[in-house]
Amino acid sequence: MRIISGLYKSRKIVAPKNLPVRPTTDMAKESLFNIINNLYYFDDISVLDLFAGTGNISYEFASRGTEQITCVDQDFGCIKFINKTAEAFDMPIQTIKSDVFKFLEKATLQSNIIFADPPYNFDLAQFAKIPELIFKNNLLLEDGLLIVEHSKHTDLSNLENFGYSKSYGGNVFSFFEN
C-alpha cells in the first residue's frame, strides 16, 4: 500500500502478512480522498477510523495535514503496527484497542469524519449497527460524514441517514450524513 498524496506522498507501507486485514485498494482510496478533498480542509478536521486494520486510511489523512486522528481496532497486531508506523512518520495518530461496537456504545469522541471498514462478510444487521450507534450517540460533528466501506454485494441504501454511495471495482463507499 502507498500514501497517495500530501507530505508522505508515494511512500510505501508494508504491513506484516499475518494481520487479519483487507486494505482499501489504492484506486478506491484515491477516489475516496478526491471526494473528501472537495468537502473539507484536511487540517481543520478530526477523524475516527473504525476497524482501522493497517491504518491505511489514517496515514492518508495524516499525510494531508489532519492532526486529530483516532484509530480503533480489536486486533493487537494491527494496533501495534499502526503505532509503529505513526511513530516512524511522526503522525498524530492515537490508537484504541477495542471491539468497535463496544467502543461506539460508550464513546463520546465527536469527529468530522468517521470512516468504518468492517469485514466484508458482516451481515446487514452488523453493518446497520455502525450508523445506528454513531447517530444515536451523536458522534458526528455538525456537517460531519460517516463513510462505510463494503463490498458491492452489500446494500446499505435503506439505512437511516444514508446519503449516497460510490462504487470502485468491488469496493463501495456508503456516505451517511446528519
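Start by selecting Ser 10, which at 48% relative accessibility counts as partly exposed; in this tour, buried means under 20% relative accessible area, exposed over 50%, and partly exposed in between, with a 1.4 Å probe and protein chains only. The model is a predicted one, in which local features need pLDDT of at least 70 and side-chain atom pairs count only at pLDDT 80 or more, while totals for chains, interfaces and linings use all residues. Residues are numbered from 1 along each chain as its sequence is written, and side-chain values use heavy atoms, with hydrogens and water left out.

Ser 10 is found in the segment before H1, where helices (H or I, at least four residues) and strands (E, at least two) are DSSP runs numbered from the N terminus. Although Ser 10 is not a glycine, its phi is positive, at about 75°.

**Helix H2**

Next, select residues 56-63, which form helix H2: eight of its eight residues are buried, so this helix is largely enclosed by the rest of the structure. To see what covers the buried residues of H2, display its surroundings, which include helix H1 (26-37), strand E1 (46-50), strand E2 (68-73), helix H3 (76-89), strand E3 (93-97) and strand E4 (111-116); contact here means heavy atoms within 4.5 Å.

Within H2, pick Ser 58, which is buried with a relative accessible area of 0%. Not counting residues up to four places away in sequence, Ser 58 touches Asp 49, Ile 69, Cys 71 and Ile 93. Just after H2, Gly 65 takes a positive phi of about 110°.

**From E2 to E3**

Cys 71, one of the residues that Ser 58 touches, has Thr 95 in E3 as its bridge partner. E2 and E3 pair in the parallel sense over five bridges, and two strands pair if DSSP finds at least two bridges between them. Follow the chain from E2 through H3 to E3, and you trace a right-handed β-α-β crossover, a term that applies if, with the strands pointing away from the viewer, the path from the first strand over the helix to the second runs clockwise.

**The nonpolar cores**

Which residues touch the most other members of the largest nonpolar core? Among its 34 residues, they are Leu 32, Phe 61, Met 91, Ile 93 and Ile 147, a nonpolar core being a set of buried Ala, Val, Leu, Ile, Met, Phe, Trp, Tyr and Cys residues joined through side-chain atoms within 4.5 Å. At least two residues of this core come from each of H1, H2, E2, H3, E4, strand E5 (140-151) and strand E7 (171-177). A second, separate core of 25 residues includes Phe 51, Val 72, Phe 122 and Val 148.

Select Phe 61 and, leaving aside its neighbours within four places in sequence, you will find Phe 61 in contact with Phe 33, Ile 36, Phe 42, Ile 45, Val 47, Thr 66, Ile 69 and Ile 113.

**Strand E5 and its partners**

Move on to E5, where nine of the twelve residues are buried, so the strand is largely enclosed by the rest of the structure. Five bridges join E4 to E5, and these two strands run parallel; Ala 116 stands opposite Val 148 in E5. Here too the chain makes a right-handed β-α-β crossover, passing from E4 through H5 to E5. Seven bridges join E5 to E7, this time in the antiparallel sense, with Val 172 in E7 as the bridge partner of His 150.

In E5, select Ile 147, which is buried with a relative accessible area of 0%. Its C-alpha is 6.2 Å from that of Ala 116, although the two residues are 31 apart in sequence. The residues that Ile 147 touches, not counting those up to four places away in sequence, include Leu 32, Ile 113, Phe 173 and Phe 175.

**Loops on either side of E5**

In the loop between helix H5 (124-136) and E5, select Asn 138, which is partly exposed at a relative accessible area of 46% and has a positive phi of about 55° although it is not a glycine. Then turn to the loop between E5 and strand E6 (162-168), where Ser 157 is found; Ser 157 is partly exposed, with a relative accessible area of 33%. From Ser 157 to Ser 174 the C-alpha distance is 7.8 Å, with their positions 17 residues apart in sequence.
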